[in-house]
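Biologist: Could you take me through one part of this model up close, and then show me how the rest of the chain fits around that part? I'd like the numbers along with the reasoning.

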Amino acid sequence: MGESTRRRRDPEARRREIVTAAAELIVEVGADGLTHRMVAARAGVPLGATTQYFDTLDDLRSAALRALADEVDARLDGVRIALAERGVSPAVIADLITEGLDDARAVKADRAVVTAAIHDPRLRRLAQHLSEQLVALLEPAYGYDRATAAMIFIDGVMWSTQIRETTPDRAFIETALTQLLGMPENDDSPGRTAAPSAP
């Protein structure tokens with residue numbers, strides 16, 4: 001049985017292939033540049049297959065953006081694990097941001113979701129959820145206000161990387177985060193060294 005026959009007998013697999021292709025193209029050309037023809041060519045399916053699974057291009061675009069948002073969410077899970085293991089100091093956060101910025105596709109995927117959310121109320125809540133997740137990671141150690149300030153700064157770093165096509169210096173990121181966050185509020189927060197006991 002050929003690959004095309006297997007895909008026809010597994011409509012969910014074909015749908016995933018179409019969504020994956022659309023997501024890849026959104027990262028490359030932007031959400032507004034997406035067309036059914038481009039997606040069909042990338043997925044290796046007949047042009048009619050895209051409209052068979054998605055009534056409109058907008059439906060396909062939304063599904064692809066949600067897939068990209070799931071990728072961002074998965075990366076946040078990785079950040080959560082790293083912070084639990086390495087601590088929540090500005091230095092560790094700066095390391096994680098710098099590591100993330102090295103993944104150009106991930107940065108473009110993140111910005112594609114946020115850009116689309118500006119114009120699409122259905123995606124706005126999704127983008128807000130991702131920001132809230134980042135705040136939730138930092139809030140136990142730094143409180144809501146400082147965690148929110150750091151989230152806004154990190155979001156700005158992501159935008160700056162795309163607009164200027166240069167990556168901010170890691171030392172600059174750490175210094176800015178140190179000024180925004182200060183010391184953790186919770187003595188038991190990961191990564192904070194306990195003060196020595198008085199003699």
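Modeller: Here is a walk that starts with one helix and its partner and then moves along the chain.

Bear in mind that this is a predicted model. For orientation, the protein chain has 10 helices and 0 strands, and read along the sequence the pattern is α-α-α-α-α-α-α-α-α-α. Of its 199 residues, 40% count as buried. Looking at contacts in the chain with a separation of 6 or more, 67% come from residues 24 or more positions apart.

The close look goes to H2, which covers residues 11–29. Is its length what you'd expect? Let's ask it properly: what should the 19 residues of H2 span at 1.5 Å a residue? The expected figure is 27 Å, and the end C-alpha atoms are 27 Å apart, so the two agree. Its buried residues are Ala 13, Arg 14, Ile 18, Val 19, Ala 21, Ala 22, Ala 23, Leu 25, Ile 26 and Val 27. Just after H2, Gly 30 takes a positive phi of about 90 degrees.

Now for the partner. H2 packs with helix H5 (residues 57–86) at an angle of about 80 degrees, and the axes are 8 Å apart. The range for roughly perpendicular is 65 to 115 degrees, so H2 counts as roughly perpendicular to H5. On the H2 side, the residues that meet H5 are Arg 15, Ile 18, Val 19, Ala 22, Ala 23, Ile 26 and Val 27. Facing them from H5 are Leu 60, Arg 61, Ala 63, Ala 64, Leu 65, Ala 67 and Leu 68. Sorted by type, the residues of this contact give 12 nonpolar, no polar and 2 charged. Ile 18 is one of the residues that meet H5, and Ile 18 is also on the buried list for H2. Val 19 meets H5 too and is likewise buried.

Next, a few places further along. Thr 51 sits in helix H4 (residues 47–53) and, with a relative accessibility of 40%, counts as partly exposed. Thr 51 and His 36 are 15 residues apart in sequence, with 7.8 Å between their C-alpha atoms.

Asp 95 belongs to helix H6 (residues 90–101). Its relative accessible area is 24%, which makes Asp 95 partly exposed; the cut-off for buried is under 20%. Setting aside neighbours within four places in sequence, Asp 95 is in contact with Arg 86 and Arg 170. Arg 170 is 75 residues away from Asp 95 in sequence, yet the C-alpha to C-alpha distance is 7.2 Å.

Helix H7 (residues 104–119) gets the length check as well: its 16 residues should span 22 Å at 1.5 Å a residue, and the end C-alpha atoms are 23 Å apart, which agrees. Buried in H7 are Ala 106, Val 107, Ala 109, Asp 110, Arg 111, Ala 112, Val 113, Ala 116 and Ala 117. One of them, Ala 116, also gives us a link to the next helix: Ala 116 and Ala 127 are 11 residues apart along the chain, with C-alpha atoms separated by 9.1 Å. Ala 127 is in helix H8 (residues 121–142) and is buried, at a relative accessible area of 13%.

That brings us to H9, residues 144–164. Its 21 residues should span 30 Å at 1.5 Å a residue, and the end C-alpha atoms are indeed 30 Å apart. The buried set in H9 is Ala 147, Thr 148, Ala 150, Met 151, Phe 153, Ile 154, Val 157, Met 158, Ser 160 and Thr 161. Thr 148 counts as buried because its relative accessibility is 17%. Thr 148 is 17 residues from Ser 131 in sequence and 8.7 Å from it in space, C-alpha to C-alpha. Phe 153 is buried too, with a relative accessible area of 17%. Just after H9, Glu 165 takes a positive phi of about 60 degrees.

Phe 153 also leads to the aromatic side of things, where the count comes to 1 pair. The ring centres of Phe 153 and Phe 172 are 6.3 Å apart and the planes are at 55 degrees, so the pair is tilted. Since Phe 153 lies in H9 and Phe 172 in helix H10 (residues 170–181), the pair ties together parts that are 19 residues apart in sequence.

Methods: Residues are numbered from 1 along each chain as its sequence is written. This is a predicted model: local features need pLDDT of at least 70, side-chain atom pairs count only at pLDDT 80 or more; totals for chains, interfaces and linings use all residues. Side-chain values use heavy atoms; hydrogens and water are left out. Helices (H or I, at least four residues) and strands (E, at least two) are DSSP runs, numbered from the N terminus. The expected span of a helix is 1.5 Å times one less than its number of residues. Buried means under 20% relative accessible area, exposed over 50%, partly exposed in between (1.4 Å probe, protein chains only). Rings of Phe, Tyr and Trp (its six-membered ring) pair if their centres lie within 6.5 Å; planes under 30 degrees apart count as stacked, over 60 as edge-to-face and the rest as tilted. Axes are lines fitted to C-alpha atoms, for helices over the stretch in contact, and angles run from 0 to 180 degrees between N-to-C directions. Angles under 35 degrees count as roughly parallel, over 145 as roughly antiparallel, 65 to 115 as roughly perpendicular and the rest as oblique. Contact means heavy atoms within 4.5 Å. Ala, Val, Leu, Ile, Met, Phe, Trp, Tyr, Cys and Pro count as nonpolar, Asp, Glu, Lys and Arg as charged, and the others, Gly among them, as polar.
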